[in-house]
Amino acid sequence: MIPAWMGLAVMACFQVTDPPAVPSDPPSPPLNVVVFLVDDLGWQDVSVPHHTHPTSFNERYHTPNLERLAAQGMVLTNGYASAPVCTPTRTSLLTGRTPARNRITYWTFNKDSDTTARNPVLSAPPWRMNGLEPHSALLPEVLSDRGYRTIHIGKAHWGAHGTPGSEPTNLGFDVNVAGHASGAPGSYLSRHHFMNSRSETDFSRSSRWDVPGLQAFHDRDIYLTEALQERMVEEIRGAMGDGRPFFLHFAPYAVHTPIMPNTAHLDRYEELHPREAAYATMIESVDAALGCLLDVLDEHEIADRTLVVFTSDNGGLSAHARGGTPHTHNHPLRSGKGSAYEGGVRVPWVVRWPGVVPAGTRSDQPVVTQDLYPTILAATSPAPTGKNPERVRELDGIDLASILGGGEVSRHPEASDRVILFHQPHTWGARGPGIEPYSAIRWRRWKLIYFHSDRRFELYDLAADLGETRDLSLERPEVLELLIARLAAELRDHEAQMSIDTVSGKPVEWPDEVALSSGTNR
Ligand code: CA
């Protein structure tokens, strides 16, 4: 097959008349972009070590294709999701902004319906509980304007049922495969028609958790991730035939609950607790889809002009629905999905970008989901389009080129001295360490958490104490004071909506107001 950009060059040759044009280099082929966004995949849920050394989890899970991607690219060991739950991270990817600035700080479901769990002393602020609305500055809209074919496959979860944002084609995607408002599949099995009723004979009882649009697979024996993988290959081949560069957002529903095994992979994990064995097969199925992606890029000889980012939308689930002891599945990180601690937000991050990212490298520079927006825009066009000035305004993410290039990052203060803000003024349904309304920042080696319910601060030195076991807020008052000021400045800059104190009916104080009024952090 003749690549589209060569086709253009051939057409140009036919238009040449006497005298012949001076030979020149063909135009650079445009860059394809793939964001492979796994759901709920924890930092330790892969066989590619993200810690300083391989762990027992790295040995447990089997992700050879991620190993292949990492060998050809960069592992970002301090990679974060924008939030500890789904929708805020997913909307940050499409906007380049933090959940706080978007005011989409929690997961969405039904129109005008708040999913926040009850809390005895706090209520949620008036956040955008319908999620994303159509907007010309969304990442797929901008790429579409730049001539890209924009493809969404899998879990969307950007907007609530009954709102335009529930449908990815309203958000700039040309193609939507199986995406809608719900953040989990009813079933991973085709014999259930991927429906929540999980019947093999009666398909009359529909639910908002039923996966839409995969009717072609209903009568085959196929696992959901494999069905999405097949559609991915079809869509990439279609994009090649259509002659445009493509932006693929491949977002498997896995490894979100319901934890259901892909029996094709079960043999490898028979020593594990059955629930954990099932979870491991879900991971391996995701990795198989990644392998399929890499194979089809190789088949079409476009791997060298395709940026591939592999990451997750929040930390690994550990509070419930897992086998073994709760809150231990992301060790050495503390806690898991939903939590303010590292287990809630630190996730696998691997980037392959031939010619830019040195193969087989690692970086410990902190990066976060919203960075992908400016990174992808810079990678696909060297300058803003100028069509809409709003598109380059108020971005919270940074262009990761200086980090991904593997050079001296200290020359780039926007990357080396940055503050990453986390803000979740919501009570999650499950309970566990750090699972409560909070704001936090990561700055250099430090992390400050401000828990809204009792206005307490916790300070951790992640370089020395990755597991957040030793609160240094009393031992290091000078660091505490500095970080409280920075957290307060970030929250004000983002016009963050604080939790509401149900007694006073007022928003919880900014962090620097707490410190000033009490004279201490307790
Ligand atoms: Ca998620």
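Two strands count as paired here if DSSP finds at least two bridges between them. Keep that in mind as we walk through this predicted model, and try it out on a small example. Strand β2, residues 74-76, and strand β9, residues 350-352, are joined by two bridges and run antiparallel. If you'd like a spot to zoom in on, Val 75 sits opposite Val 350 of β9.

Now let's step back for the whole chain. The protein chain holds 14 helices and 16 strands. How does its radius of gyration fit that of a compact globule? For 522 residues, a compact globule would come out near 24 Å, and this chain has 23 Å, so the two agree. Laid along its principal axes, the C-alpha trace spans about 85 × 60 × 45 Å.

Next, the sheets. Strands of a sheet pair through backbone hydrogen bonds, and they can do so in parallel or antiparallel fashion. The pair you've just met belongs to an open sheet of eight strands, and its pairing is mixed. Reading across, the order is β6-β5-β7-β1-β8-β9-β2-β10. Which strands sit at the edges of this sheet? They are β6 (175-177) and β10 (361-363), and each of them pairs on one side only. From one strand to the next, the twist averages 15°.

Helices pack against this sheet too. Helix α4, residues 86-95, lies across β1 (32-38) and β7 (246-251), and it runs at about 170° to β1. Helix α10, residues 372-380, also packs on the sheet, where it touches β1 and β8 (306-312). The direction of α10 makes about 160° with that of β1.

There's another sheet to find further along. Four strands make up this open sheet, in the order β12-β13-β14-β15, with antiparallel pairing. At its edges stand β12 (419-424) and β15 (456-461); each has a single partner strand, so one side of each has no neighbour in the sheet. Ignoring direction, neighbouring strands here are turned by 15° against each other on average. Look at β12 and its partner β13, residues 438-443: they run antiparallel and are joined by six bridges. Across that pair, His 423 stands opposite Ser 439 in β13. Which helix packs on this sheet? That's α13, residues 477-493, and it touches β12, β13, β14 (446-451) and β15. Its direction makes about 115° with that of β13.

Helices also pack on each other. Two packed helices are described by the angle between their axes and the distance between the axes. Take α7 (residues 224-242) and α8 (residues 274-299): their axes come within 9 Å and cross at roughly 15°. Angles under 35 degrees count as roughly parallel, and α7 and α8 are therefore roughly parallel to each other. Their crossing is right-handed. On the α7 side, the contact includes Met 232, Val 233 and Ile 236, while the residues from α8 include Ala 288, Ala 289, Cys 292 and Leu 293. Sorted by class, this contact has nine nonpolar, three polar and two charged residues.

Helix α8 has a second partner to look at, α3 (residues 64-71). The axes of α3 and α8 come within 7 Å and cross at roughly 50°, which makes α3 oblique to α8. Here Pro 64, Asn 65, Leu 66, Arg 68 and Leu 69 of α3 meet α8 residues, among them Asp 287, Ala 288, Leu 290 and Gly 291. This contact divides into six nonpolar, two polar and four charged residues.

Finally, a few backbone oddities. Most residues other than glycine have a negative phi, and most peptide bonds are trans. Where does this chain have a cis peptide bond? One joins Thr 257 and Pro 258, with omega about 5°, and Pro 258 lies in the loop between β7 and α8. The peptide bond from His 331 to Pro 332 is cis as well, with omega near 15°. Pro 332 belongs to the loop between β8 and α9 (342-345). Then there's Arg 103, which isn't a glycine but has a positive phi of about 60°. You'll find Arg 103 in the loop between α5 (99-102) and β4 (122-123).

Notes
Residues numbered from 1 in each chain as written. Predicted model: local features only at pLDDT ≥ 70, side-chain atom pairs only at ≥ 80, totals over all residues. Heavy atoms only, no water. Axes fitted to C-alpha atoms, helices over the stretch in contact; angles between N-to-C directions. Contact = heavy atoms within 4.5 Å. Parallel < 35°, antiparallel > 145°, perpendicular 65-115°, else oblique. Left-handed = near helix turned anticlockwise from the far one by under 90°. Nonpolar A, V, L, I, M, F, W, Y, C, P; charged D, E, K, R; others polar. Rg over C-alpha atoms; globule rule 2.2 N^0.38 Å.
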